[in-house]
Amino acid sequence: MTAAGFSEPAKKHLGQHFLHDQRMIGRIVDAVNPRPGEALVEIGPGQGAITFPLLRRHGELTVIEFDRDLIAPLTAAAEGVGTLRILHRDVLSVDFTALAGGLASDGGNRIRLVGNLPYNLSSPILFHALDHAAAITDMTFMLQKEVVDRMAAGPGSKVYGRLGVMLQAFCNVVPLFTVPPGAFRPPPKVDSAVVRLVPLPPDRVRVEDRALFARVVREAFGQRRKTLRNALSATCDAEAIEAAGLSPQARAEQVPVDGFIGLANLLAHRDASTGRD
Ligand code: SAM
């Protein structure tokens with residue numbers, strides 16, 4: 001059975017798992033709790049499980065959906081419910097900063113993102129959103145629980161790694177609740193979880209050179225078992241690691257987010273003073 005007007009079967013290659021558990025849908029909408037004047041944008045509305053409850057509550061919503069077969073049924077189902085703007089696009093090609101500039105009516109030029117994300121694209125979507133963090137008030141996303149665990153993990157945890165460090169350097173990451181496979185049709189093979197990401201205000205972001213920070217984190221976790229000295233040998237020497245207050249013998253999984261930021265900032269200053277890039 002599908003929602004009214006939606007006859008297409010779920011497409012696996014688009015990560016389609018449609019939510020049908022009304023209690024979970026209610027919890028997601030409550031977690032978003034849209035307030036008047038806010039510009040809400042949903043990624044991957046699918047058959048509208050979250051879309052229409054949000055639209056009924058808020059009156060206005062922009063959605064980004066890649067599956068052309070869903071566009072006409074979404075348009076038809078929105079009639080008389082509220083103002084639904086549908087962007088038939090790949091979310092990775094959407095410039096959230098430009099979208100926020102066009103939508104936001106509160107003068108803040110920022111959007112709130114919501115989505116039960118296609119799980120095969122969740123990391124690329126998170127990194128894409130990070131590139132536009134200044135245009136985003138917050139994000140309420142459903143993802144694989146295992147990914148949410150990695151996003152929120154701290155040093156010493158087995159699942160602490162590049163994803164968590166990159167996100168936590170720019171956002172507060174708050175896991176909200178777990179959702180079992182039975183809440184979806186078809187059910188995914190894994191548990192899911194809802195997480196809230198709140199980008200830090202620009203004056204609280206300590207990273208000075210994003211590209212250099214991303215490189216340091218990527219290399220440090222490239223081979224988790226290696227010491228920092230070895231993993232980072234292409235980028236810096238042991239003296240720089242020590243100067244940043246870290247042990248060259250430590251492994252990436254022991255280094256807090258601030259440690260990576262401090263090291264990348266130190267390298268950024270060193271490169272600036274020696275003219276290296
Ligand atoms: N929100 C619906 C729900 O909760 O039932 C559907 C969620 S389903 C897990 C993910 C949705 O993302 C699908 O509708 C899928 O077509 C859409 N999608 C997949 N890849 C996409 C992309 N690159 N850009 C935009 N939407 C995409």
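Modeller: A polar contact is a pair of N or O atoms within 3.5 Å. The model shown above is predicted, and this cut-off serves as a guide to the surroundings of its ligand.

Colleague: Which backbone atom lies 3.4 Å from a nitrogen atom of the ligand?

Modeller: That atom is a backbone N or O of phenylalanine 66, and the distance of 3.4 Å falls within the cut-off. Two side chains also take part. Asparagine 116 places a side-chain N or O atom 2.8 Å from an oxygen atom of the ligand, and glutamate 42 has a polar side-chain atom 3.5 Å from a ligand nitrogen.

Colleague: How much of the ligand's accessible area does the protein cover?

Modeller: On its own the ligand has 600 Å² of accessible area, of which the protein covers 98%. The space that the ligand takes is the second largest pocket. Two elements, β1 (18–19) and β3 (60–65), each give two or more residues to the shell around the ligand.

Colleague: How many residues surround the ligand, and which come nearest?

Modeller: There are 24 residues around the ligand, and those that come nearest are Gln16, Leu19, Gly44, Glu65 and Asn116. Asparagine 116 is thus met again, having already appeared through its side-chain contact with a ligand oxygen. By character, the shell consists of 13 nonpolar, 6 polar and 5 charged residues.

Colleague: I should next like to read burial. Is asparagine 265 buried or exposed?

Modeller: A residue counts as buried under 20% relative accessible area. Asparagine 265 has a relative accessibility of 8%, so this residue is buried. Asparagine 265 belongs to helix α11, and a polar atom of its side chain lies 2.9 Å from the backbone oxygen of arginine 206.

Colleague: Where is alanine 129 found, and what is its relative accessibility?

Modeller: Alanine 129 is in helix α5, which spans residues 122–131. Its relative accessibility is 0%, and therefore alanine 129 counts as buried. Sequence separation and distance in space may be read side by side here: alanine 129 and methionine 139 are 10 residues apart in the chain, while their C-alpha atoms are 8.9 Å apart.

Colleague: Where does glycine 161 lie, and is glycine 161 buried or exposed?

Modeller: Glycine 161 is part of the loop between α6 (145–152) and α7 (162–168). With 8% relative accessibility, this glycine is buried. Leucine 61 stands 100 residues away along the chain, and 34 Å separate the C-alpha atoms of glycine 161 and leucine 61.

Colleague: What is the relative accessible area of alanine 244?

Modeller: The value is 22%, so alanine 244 is partly exposed. Alanine 244 sits in the loop between α10 (238–243) and α11 (257–274). Between the C-alpha atoms of alanine 244 and aspartate 131 the distance is 26 Å, with the two positions 113 residues apart in sequence numbering.

Colleague: How should backbone angles be read?

Modeller: Most residues other than glycine have a negative phi, and most peptide bonds are trans. Asparagine 33 has a positive phi, near 40 degrees. Asparagine 33 is located in the loop between α1 (22–32) and β2 (39–43), and its relative accessible area of 36% makes it partly exposed.

Colleague: Which residues does a cis peptide bond join?

Modeller: The cis peptide bond joins arginine 185 and proline 186, with omega about -15 degrees. Proline 186 has its place in the loop between β8 (184–185) and β9 (192–199).

Terms used:
Residues are numbered from 1 along each chain as its sequence is written. This is a predicted model: local features need pLDDT of at least 70, side-chain atom pairs count only at pLDDT 80 or more; totals for chains, interfaces and linings use all residues. Side-chain values use heavy atoms; hydrogens and water are left out. A residue is near a molecule or strand if one of its heavy atoms lies within 4 Å of it. A polar contact is a pair of N or O atoms within 3.5 Å; within protein, one must be able to donate a hydrogen and the other to accept it, and residues adjacent in sequence count only if both atoms are side-chain atoms. Accessible areas come from the Shrake-Rupley method with a 1.4 Å probe; for residues, only the protein chains shown count as cover. On a 1 Å grid over the protein atoms alone, a cavity is a set of points where a 1.4 Å probe fits but cannot get out, and a pocket is an open set with protein on both sides within 12 Å along at least five of seven lines; lining residues have an atom within 4 Å of a point. A molecule sits in a cavity or pocket if more than half of its atoms lie within 2 Å of its grid points. Helices (H or I, at least four residues) and strands (E, at least two) are DSSP runs, numbered from the N terminus. Ala, Val, Leu, Ile, Met, Phe, Trp, Tyr, Cys and Pro count as nonpolar, Asp, Glu, Lys and Arg as charged, and the others, Gly among them, as polar. Buried means under 20% relative accessible area, exposed over 50%, partly exposed in between (1.4 Å probe, protein chains only).
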